[in-house]
Amino acid sequence: MRALVHGLAITGASTVRALQRHGHEVVVTDDSINDEKRALAAGLGVELSSPPSSPPTDGLGEWIAGFDLFSPAPGVPEGHPLVVAALDAGVPVESEIEIAYRWEQQRAAGPRPILAITGTDGKTSTTELTVAILRAAGLHTAALGNTDVPLLDAIDDDAYDAFVVECTSFRLAFTTTFRADAAVWLNLAPDHLNWHASMDTYEAAKAKLFAQQRADDVAIGFVDDPVVMRHLAAAPSKQRTFGTTGADYHVDGDRLVGPAGPIVDASVMKRSLPHDRTNALAASALVLETGLATTDDIATALAGFVTPEHRLEPIVEDDGIAWYNDSKATTPHAAATAIRAFDSLVLIAGGSRKGVSLAPMAAEPQRLRAVVAIGEAAPDVHDAFDTAVDAAVEVVDAASMPEAIATAHHLARPGDAVVLSPGCASFDWYRNYTERGTVFKQLVHDHLAAHAARTTETDRDETDAGADPMTEDLT
């Protein structure tokens, strides 16, 4: 079998290694080649080259027709010339989770359970929590897929008892058979329209997670999302719902409850914001419906679970103002979730444009003390809040992150939260959301330390200016 892998980074390298382990000839291309990628290719024992000229021509179609399989890296959009040419030529286009799934089904000892999570927001937290529950149950597993460990790196390891796969639309789009024993769809909101041709293709990619299941699988959908519920109703598998109210898995007072009764008291959770509870319900449904864990395992995991970094992460409380890093909120939907977690906040929002409306961030303006707009999307932030109907919101621009922090501090009042929840990607100022969040946290500490020093110096100067000369002589 002759395979083409396009895009050489974490997932691309994993795909190359896996195809080589299974005896396939591999050709590797990339649109942007640098010394780091050349070194990675050399370590894999493959040559790295640019693909033939594009846009698609007869020559490109003839070239790609010489392969039995084309596996694009997750960053390669559905409209890329190679994708188009491969589909036109009838060459199978498969993401790494599709390849991994097919091989796992052929495993001599039989396939192991797969739990899968998709959605616009909340995937990583729910995936990590599901892993924590399965580990509490004594199973060897890990967060796979859209993580530092691609699924292809795990399936050849017999030590794994089960797989928990974070499924992005990028990966699901290029699947035809991938399915999970239990799959949860958290939500759907506009995103990644710089990768997908439209919201229709974005939704269609997500929908594959339910549509490709079997009758004895379980599909779990968020009861408050009409798009998710529409696809859940059409799923060929057993159907379950989760949500705060009106769902199979729901909240009753301070308890998380499932079809079989109470699961756990939410008081055991280290953090219990509304979306923390719904994420916990989704993870609970995954493990209970498959019988892979018990309510005791869920309680143990929740008691020790810390939400992953950059997701409404507390930084510090100073002078009655709480600071939070929510850099992972790269969609308006995610930022709106963060806003709903507070009664009063100063929001720092903006960044790199992704081709989606920021209007969802202005859905509850009464919660906002003010907004600090940053990055190339700052005008879009203004547009979103200028049209807010329930309350006027002050929006102030900042030309840098230090300026944004200083401005937010000036606008905040005791009892407020200052929250970086951008609703946008980071690529205008930073390499990724991780760098943005890490820098933000350090700059907050630096700003507060400098502010405290200035306040101390001012107090000292005022004390000196008003000191009693007699007292000075006596001291």
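## A covered strand, a covered helix and a small gap

Let's start with strand β15, residues 321-325, which is mostly covered: five of its five residues are buried. Keep in mind as you look around that this is a predicted model.

Which residues of β15 sit on each side? Ile321, Trp323 and Asn325 are on one side, Ala322 and Tyr324 are on the other, and both faces are covered. That back-and-forth pattern fits a general rule. In a regular strand the side chains alternate between the two faces of the sheet.

Now for the strands that β15 pairs with. Here they are side by side:

| Partner of β15 | Residues | Direction | Bridges |
|---|---|---|---|
| β14 | 313-318 | antiparallel | five |
| β19 | 417-420 | parallel | four |

You can pick out individual pairs, too. On the β14 side, Pro314 has Tyr324 of β15 as its bridge partner. On the β19 side, Leu420 is opposite Asn325. Strands β14 and β15 form a hairpin with two residues between them, and Asp319 has a positive phi there, near 55 degrees.

Next, have a look at helix α5, which covers residues 96-105. How many of its ten residues are buried? Eight are, so we can call this helix mostly covered too, given that buried means under 20% relative accessible area. The buried ones are Glu96, Ile97, Glu98, Ile99, Ala100, Tyr101, Trp103 and Glu104. When you trace them, a rule about helices is handy: an α-helix has 3.6 residues a turn, so residues three or four places apart point the same way.

Loops can have buried residues as well. Take Thr141, which lies in the loop between α6 (123-136) and β6 (143-145). Is Thr141 buried or exposed? Thr141 counts as buried because its relative accessibility is 2%, and the cut-off for buried is under 20%. Its side chain reaches the backbone oxygen of Ala162 at 2.7 Å. Leaving aside residues up to four places away in sequence, Thr141 touches Val131, Leu134, Arg135, Tyr160, Ala162, Phe163 and Val164.

Finally, is the inside completely filled or is there a gap? Rolling a probe the size of a water molecule over the atoms shows where empty space is left. The structure has one cavity of 30 Å³ or more, with a volume of about 30 Å³. Its lining is made of Gly351, Ile374, Ala425, Ser426, Asp428, Trp429, Tyr430 and Arg436. By type, the lining residues divide into four nonpolar, two polar and two charged.

Definitions and conventions:
Residues numbered from 1 in each chain as written. Predicted model: local features only at pLDDT ≥ 70, side-chain atom pairs only at ≥ 80, totals over all residues. Heavy atoms only, no water. Buried < 20%, exposed > 50% of the residue type's maximum accessible area, 1.4 Å probe, protein only. Pairing = 2+ DSSP bridges. Polar contact = N/O pair within 3.5 Å; in protein donor to acceptor, adjacent residues only side chain to side chain. Contact = heavy atoms within 4.5 Å. 1 Å grid on protein atoms, 1.4 Å probe; cavity = no way out; pocket = protein on both sides within 12 Å on 5 of 7 lines; lining within 4 Å. Points joined across faces, edges and corners; volume = space filled by probe spheres on them. Nonpolar A, V, L, I, M, F, W, Y, C, P; charged D, E, K, R; others polar.
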